Structures are given as structure tokens and as C-alpha cells.
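Q: Could you take me through one of the sheets in this model in close detail, and then show me how the rest of the chain is laid out around it? I'd enjoy a connected account.

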Amino acid sequence: MSRTAYRTCPLCEAACGLELTVAGDRVVSARGDREHVFSHGFVCPKGATFGQLADDPDRLRRPLVRRDGRHVEVGWDEAFDAVADGLRPVIETYGPHAVAVYLGNPNVHTMAGGLYLSPLVKALGTRNVFSASTVDQMPKHVSCGYLYGSPLAIPVPDLDRTDFLLMLGANPWESNGSLATAADFPGRLKAIQARGGRFVVVDPRRTRTAAQADEHVFIRPGTDAFLLFGIVHTLFADGLVSLGRLDSLVNGLSSVAALAEDFAPSVVSETCGVPAARIRSLAHELASSPRAAVYGRIGTCTVEFGTLTSWLIDVINILTGNLDRPGGVMFPLAAHQRPGSGKGKGFRVGRWHSRVRGLPEVKGELPVATLADEIETPGDEQVRALVTVAGNPALSTPNSGRLDRALAGLSFMVSVDPYLNETTRHADVVLPPPDPTRKGHYDFSFLALAVRNFAAYSPPVSPIDAEAMDECDILARLTTIVSGHDSLHDQLLSRALDRVVSTPGSPLFGRSAADLPVSGDGPAERLLDVALRTGAYGDWFGLVPEGLSLDRLIENPHGVDLGPLEPRLPEVLRTPSGKVELCDPAVAADVPRLRAALDRPHEALVLIGRRHLRSNNSWMHNVPALVKGRDRCTLQIHPADAARFDLVDGDTVQVTSRAGGISATVEITDQVMPGVVSLPHGWGHDVAGTRQSVASAHPGVNSNVLTDETVIDPLSGNSVLNGIPVEVKPLAS
Ligand code: SF4
């Protein structure tokens, strides 16, 4: 006998609704939920394998402890005892900063990650906090922090109402979007064209998205900031600046105009490879479209001018009057969020610095590009132990070969992870969370980035196994080990309730927290219920009868539509001035570095990454349906470069950079520009000591052996993963 269950897919940022067929406690098939208020039946190949991912025989179901060089299964108490025995002596002997923590990308896809990691990091008390954010989107957080006062105030393109979309370094046909939650992103792009609009893609590769666009503009890797500054220059020079209703809400307009003077299209054209006339016409197109948006993603962040590029994208949206208006870029308001006051303390970085390279803290963490320095370099506060949660930095961070060697030298390492992978093979203890079918789900991160406001909660499809432990319980118990205090679940709930009854202006101000009836079967659900009921659309524990609560979301398994995005300025701002700070001095101070790069000669050959629809970083390569078919981990190279190196399709080449070398199979294609080669990331599963049989049989090569940990975007600490100078040499057959 089978049953049907509905849930949000937690595998990427698109937040699609899935319709699952469940037999017993197993998901036997998954398809798009046609009644879902946001995704309307869309599903991608990854979501369709939801059940297979859960059933993966290589998924760990009991903790592992390393004994005599081998990982063996043990019970939970024994595993936590081993964690206490490993971590506590390091902290007692060397202090809290001797323990580093690395948080991987999947944490933003779980309720436990959203609610229980912060207490764990706080309990550790370490300055050595690292995450996947500094190999991904940190420049966007930093630029938005300076512009709007909060690194989490990120405007998204209003895809469903725009007339003209300019996309840089984004490939949603493969990724389904990022920092813009939009189930069926490709369908929404096609809808722009169907209603008479246009979208233009700027990318060094003719991606699937570029192939579908009205126009594809090739650009030299890492040079988007020049193109964007050329557009800004044109907007000022040609009298196209029109802030509209933002006129009285923006500081720093003349400072940006002054900075843009050096970047006329005729000046930047040679550097970025885009004709000056096209730069000018893009500016005019953006200014003249009734509703236009500029959107940039990974290719604009993982470059040496990542923060400047991210900032310029918002600057153009502001100068053309497209910030915070329908069809432009807008700020979502998620159900667990509350509108703000429109003012705040603003954004700052550098509250502490990394020990070895002196790199500033950003958003509570340090650049992962310096994690190996902190482990390898002797001295006070040298990192001797590491906690990883859902991360695989041995594959996903720059010069990963060096980090892999550094991990092997740690005194102790504990990983919360469902797999024994390239990183967790170094762990002394591995604590596996339950599979995603056995967890409740609410997207704390991505509902705050959705192109339409909606809310959805998915209860667990099946109960957790007797031998498994809930992920919140795992993180709470780790927190107890380092803090000495237990009952974290109760503490978090009473803190959340106390906040709503003690905040002046709250509709519940002065009430007793004990009188507020909280719903939810698990600790994360109870915290979610409080957040929903006291959020922007909440029922305020009965004061707003039609408002949201966890129970209301459970009654609506296809989600609750909360309408199109609404203007939020100035309420969303957290700047001390209560205005958009268009030209923060920290950002302006980085512009001379960009100007100096105008005179730099081009590298002969540079490496960029690429995405594939059936892949998501490093962690989905153990699902047979997602890795079958021809090898996707190839080195794409332009025919002119292939001729230069005397290569034919399928040849094996040696690729080298300052950081390291790999051998790769050549794929000759004019999808990449001359002078550019492309490898996907997240591969390289051919190391000993892992337990991912499918991935090991389809290992690919690790592109991050080539990326360079010594080069970062200085404002954000983000790694540079695109535009890496490389050499290619044929390998003797
Ligand atoms: S696009 Fe993302 S959220 Fe949607 S089904 Fe695919 S993996 Fe899941």
C-alpha cells in the first residue's frame, strides 16, 4: 500500500514542491507537485532522485569512530564520548581558537542548520569560523551590507514582471538559480520573452542559458566590473540616471559619478572584451526599459573584484530607478521575517583578523582560503582541531590539495555528515544526520530570496530509524560537549518567546511567555512556529485570526502564496542614516585596484568553472541516475586553442597552475572563448578512505587543485575560482 506525501525539495535554492509516492517508510518516486503555489509542478533531475538519495546504501546510518586508521561503526554515546575526549583537551590546553569550524553549503537547506549552528559556533567561542560562503556568495553579502546596512538585505530580480533582464555569470538553465529563489527559473525567463521582453547573458561561455537568451555577450573571465563600470559611466555621461522614488533615499550619487569617470566604455572595452558601442547600448537599454533588472551570480562573485562587481550590479539597478520597484530588483519578505525600522548600526567587517595572514573577519567568519595557513603554521592559537558540518572543503576550496594534506595533520576532527567523503575521511568521529525524508523542512534562507513571497513547511515523510539521531539533537549534543550546559532546545525556545513578550511595540509585549501555546513535534518545529506566528504574516498567537502559524502551513501542503514582492524601502534598511549608502568609503577604496588592473596584460589561458543540471557541488555524485552517461568532467577548450596545442577531442592533457596540476580529458567546443578553458567543480572522488562507491567509479578531476588560495577578493575574503591562469600541455600517449 503506498501513500502520497508533499514536501519542498531541499536539494537546491529553487524550493520546488515535490509529490512523493511512499511505500512503507521509503520514497519510491518523486515528481513535481502540480498544485504547489510556487513551482506549479516543475522538477529537475536532481529532485526526481529524492528517494534514491535517501536510500543510498553508502549513506551512513550510525556514527563512525576511527580506530587504528579505520572507521568503525559505534553507538551514539560512544561517538559523543570520543568527541568529548578529542575536543576538550584541545580547548583546555590551547584555548577556544585552537578549534576551527567549517560549515558547508547544505546547512542552508536544513532547519537544523538554520537554527542550531549559531549556538554551536557561539559555544565553541572560536574566531576560526569558516564556511562555503567564502567560495561562493560572500561578495554579495558585503556589497549589500555596505549599500543597505545588512548583508542579508539582498534584492532579487522580479523575474515575473520585468521587461529586460541582464544576467552576468549566472546559468540558471543548469543551476536553477541562486541568490534568487525561482522554481522553474528557465520557464520564468521564457515568459519574459513571451510577453515581449528580452534577456541578455554576459558570460565567457555560451552556457545553456546563454543559448536561450536573446543575446549572448562574451566577456573575459573576471572582468565584469569593467563592463559594469562602463555602463555606470554611460548612465552619467549620457544623462540617463533617474532614481525615481529613490531620489531622497540615496546618499553618495556624486561620489559614484566621480569614480566612474575613469571607466569610459572606450577605456574598458579592450580589458573586458566587450565592444564599447555594446557597453553604451546596454546602458541605454537598461535606462529605457520600463522595468529592467541586472542580476549576477557565481561568476561575478568568485573573482578578484567580486565585491566591486556585486556592488556595481546594485548601483546600476539604483541609477536606473529599478531598485525596489515591480519588474526591477526587490526585497522579499519571508514569513519568518519581520519588517524593520529602516535604520540600524550599519555593516562593518574586521572585528577580528586571521592569525597568519591578518585577513579581516566578515560576517562572523574568516576566508576559507586561509584555513590551511591556520592549521599548518605553528604558534599560539594554531588550529589543532576541526568541526565540519555538511562540508567538503577538501574538494571545494582553493588549493584543495594543500588543505587535504593539512587536514591529515590535525590532532582531532569531528564531522556531522551523511557520507565518508574526501573531507570526512580525515575525521576521528563522523556523526550522520538522518536522510532528508526523515526531517521536517522549511527554507529559512531561500524564502527570504524568493522572487514571489510564499511559505511552505514539509513534515518528515517517515519517522527516523531507531538507530538514527535527529540532526538538531546531534548539534545540541555537540554544543553541550563544548559549553557544559544541556537543554539547548528549551533555552532556544524560551529565548525566542521572551524576545516577543519583552520587545516594546510587539503586539505581545507584556504577556507571559508561558501563556503562549507553541505547536510542533520537534524542537526545530517549535522554533519555527514562534517565528511564523510573530513574523510578517503571523497570527500573533490568535491576535490575527487569518495569520500564519505552523499548523496553518501543515494544513496547506502545497504552500501558502503571499503575493508578489512589494516595495520595502526604507523599512528594509539598516544603515545609520536610514538611506541607501551608494558609495561606502570601504568600497570606494578598492576602486584604484580595479583601475590599476586596466593596464595589466591578458593572461594567455585562464580557467573557469561550470555547472551541470545533474550536479550540485560535490555531494550528489553518488546517485547513479545523476552520474550516468558520458563523462561530464572534461576540460572544455576552444578550437583555436586546441589547434595551438595540437589537441583532438578526447586527448588527455596536463593542466598546471601556481597551486598544482591535474590531468584532464579534452572537449573541444566553441562554447568557450578563445583563451578560456572550463572544468566543473566538485569532482575528484578518486582518493582512498572514502565510502562513496558510485562517486569513486565516476571520479572526475578536482578543479580546486588548480585554484589559488593566495588570491582573494580583499573586501569579502572570497576565493577566486574563475580566471585562474593555467598552462595546458598534451600528455604523451
Ligand atoms: S530545481 Fe532544485 S529544488 Fe527544484 S527539483 Fe531541482 S534540485 Fe529540487
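A: Let's go straight to strand β9, residues 164-168, which pairs with β13 in the parallel sense over 5 bridges. One place to look in this predicted model is Leu 165, which stands opposite Ala 293 in β13. The two strands belong to an open sheet of 4 strands, ordered β11-β10-β9-β13, with parallel pairing. At its edges stand β11 (215-217) and β13 (292-296); each has a single partner strand, so one side of each is left without a neighbour in the sheet. From one strand to the next, the twist in this sheet averages 15°. As a general reminder, strands of a sheet pair through backbone hydrogen bonds, either parallel or antiparallel.

For the antiparallel case, turn to the start of the chain. There you will find an open sheet of 3 strands in the order β1-β2-β3, with antiparallel pairing. Its edge strands are β1 (2-8) and β3 (26-32), each of which pairs on one side only. Here the twist averages 30° from one strand to the next. Strand β2, residues 17-23, runs antiparallel to β1, and 7 bridges join the two. Thr 8 is a handy marker for this pairing, as it stands opposite Gly 17 in β2. On the other pairing, β2 and β3 are joined in the antiparallel sense over 6 bridges, and Leu 18 has Gly 32 in β3 as its bridge partner. β2 and β3 also form a hairpin, with 2 residues between them. Within that turn, Gly 24 has a positive phi of about 65°.

The ligand is a good next stop. Among the residues surrounding it are Cys 9, Leu 11, Cys 12, Ala 14, Ala 15 and Cys 16. Val 43, Cys 44, Lys 46 and Gly 47 also belong to this shell, as do Asn 176 and Ala 183. By residue class, the shell around the ligand divides into 9 nonpolar, 2 polar and 1 charged.

Now for the domains. The chain is divided into domain 1, which takes in 138-331 and 576-594, and domain 2, which covers 603-730. Their C-alpha centres lie 28 Å apart, and the contact between them takes 22 residues from domain 1 and 23 residues from domain 2. On the side of domain 1 that touches domain 2, the helices α5 (138-148), α6 (172-175), α13 (298-301) and α14 (306-319) each supply at least two residues. Of these contributions, α5 gives the most, with 3 residues. That side of domain 1 divides into 10 nonpolar, 7 polar and 5 charged residues.

Finally, step back to the whole chain, which has 26 helices and 29 strands. Its radius of gyration is 25 Å, close to the 27 Å that the globule rule gives for 733 residues, so the chain is as compact as a globular protein of that length. Taken along the principal axes, its C-alpha atoms fill a box of roughly 70 × 65 × 60 Å.

Key:
Residues numbered from 1 in each chain as written. Predicted model: local features only at pLDDT ≥ 70, side-chain atom pairs only at ≥ 80, totals over all residues. Near = placed C-beta within 6 Å. Nonpolar A, V, L, I, M, F, W, Y, C, P; charged D, E, K, R; others polar. Pairing = 2+ DSSP bridges. Axes fitted to C-alpha atoms, helices over the stretch in contact; angles between N-to-C directions. Domains from an automatic or database assignment. Contact = placed C-beta atoms within 7 Å. Rg over C-alpha atoms; globule rule 2.2 N^0.38 Å.
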